[in-house]
Amino acid sequence: MIEFLTNPVIITVLLTIAGVGIVLELFSAKFGIAGFIGVLALIIFFYGHFQAGLAGYGTLLLFVAGILLIFLELFLPGAVSGTLGVAALILSLFLASGDVLQIGVSILIAIFFSIVVFFMMIKIFGKKLVLFNRMVLFDSAKKEDGYVSNINRTDLLGREGTALTILRPAGTVIINNERVDVVSEGGFIEQNASIKVIKVEGARIVVREIE
């Protein structure tokens, strides 16, 4: 069994299954069969190499640390944890193998098939990255949906009123018995002066003194 599990062809198959399983898990809302099979393939890989004496406890700990770091990436900001996890995982694969060239080729083949499956899921099957979508907010507050950053008082445009305070240039005026915070067109406006709203830009209401 050990000789079978450490065969270069079997190693390539196991790593490919692991890569494809992880890719498929990206399109799943929760940890499912694909992820379980992928992790199981990696466990079988390390089991064979551990029994063959090629992988020690240090390599196994590095492998577990890589899995944990990748898992923590789901909860931590940035990509530091995930990058370190992938690096630790790949390094553990190289350390577990007795032939660096052979494991390198096997990893490249596994990555190739994983990328092919990834694009097939998106382009052919129209799947979306559910796992990443849960981590990123895609909703937006649009004006068409009734969301506004502030009240737009276009109803005041052209209305006349009286300066309740001195405008220099900001101040308060009375329009139709309503206190409104405004700014003057640029000049100084005395208290109790007659004013007229000439421009409304969101919450910014511009007035001009009536001579």
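This is a short walk through the structure above, from its overall make-up to the pairing of its strands. Keep in mind that the model is predicted.

Let's begin with the chain as a whole. It holds 7 helices and 5 strands, and their order is easy to follow: from the N terminus on, the elements run α-α-α-α-α-α-α-β-β-β-β-β. Of the 211 residues, 32% count as buried. The accessible surface comes to about 13500 Å², and 66% of that belongs to carbon and sulfur atoms. If you look at contacts between residues at least 6 apart in sequence, 50% of them join residues at least 24 apart.

Now turn to the strands. The 5 strands close into a barrel in the order S1-S2-S3-S5-S4, with mixed pairing. Neighbouring strands of this sheet are turned by 55° against each other on average, direction ignored. As a reminder, strands of a sheet pair through backbone hydrogen bonds, either parallel or antiparallel.

Strand S1 is a good place to start tracing. S1, residues 160–163, runs antiparallel to S2, residues 170–175, and 2 bridges join them; here Ala 163 stands opposite Val 173. S1 also pairs with S4, residues 194–201, in the antiparallel sense over 3 bridges, and in this pairing Glu 160 stands opposite Lys 196.

From S4 you can step on to S5, residues 204–209: these two strands run antiparallel and are joined by 6 bridges. Val 200 has Ile 205 in S5 as its bridge partner. S4 and S5 form a hairpin with 2 residues between them, and Gly 202 in the turn has a positive phi of about 70°.

How values were computed: Residues are numbered from 1 along each chain as its sequence is written. This is a predicted model: local features need pLDDT of at least 70, side-chain atom pairs count only at pLDDT 80 or more; totals for chains, interfaces and linings use all residues. Side-chain values use heavy atoms; hydrogens and water are left out. Two strands pair if DSSP finds at least two bridges between them. Helices (H or I, at least four residues) and strands (E, at least two) are DSSP runs, numbered from the N terminus. Axes are lines fitted to C-alpha atoms, for helices over the stretch in contact, and angles run from 0 to 180 degrees between N-to-C directions. Buried means under 20% relative accessible area, exposed over 50%, partly exposed in between (1.4 Å probe, protein chains only). Contact means heavy atoms within 4.5 Å. Accessible areas come from the Shrake-Rupley method with a 1.4 Å probe; for residues, only the protein chains shown count as cover.
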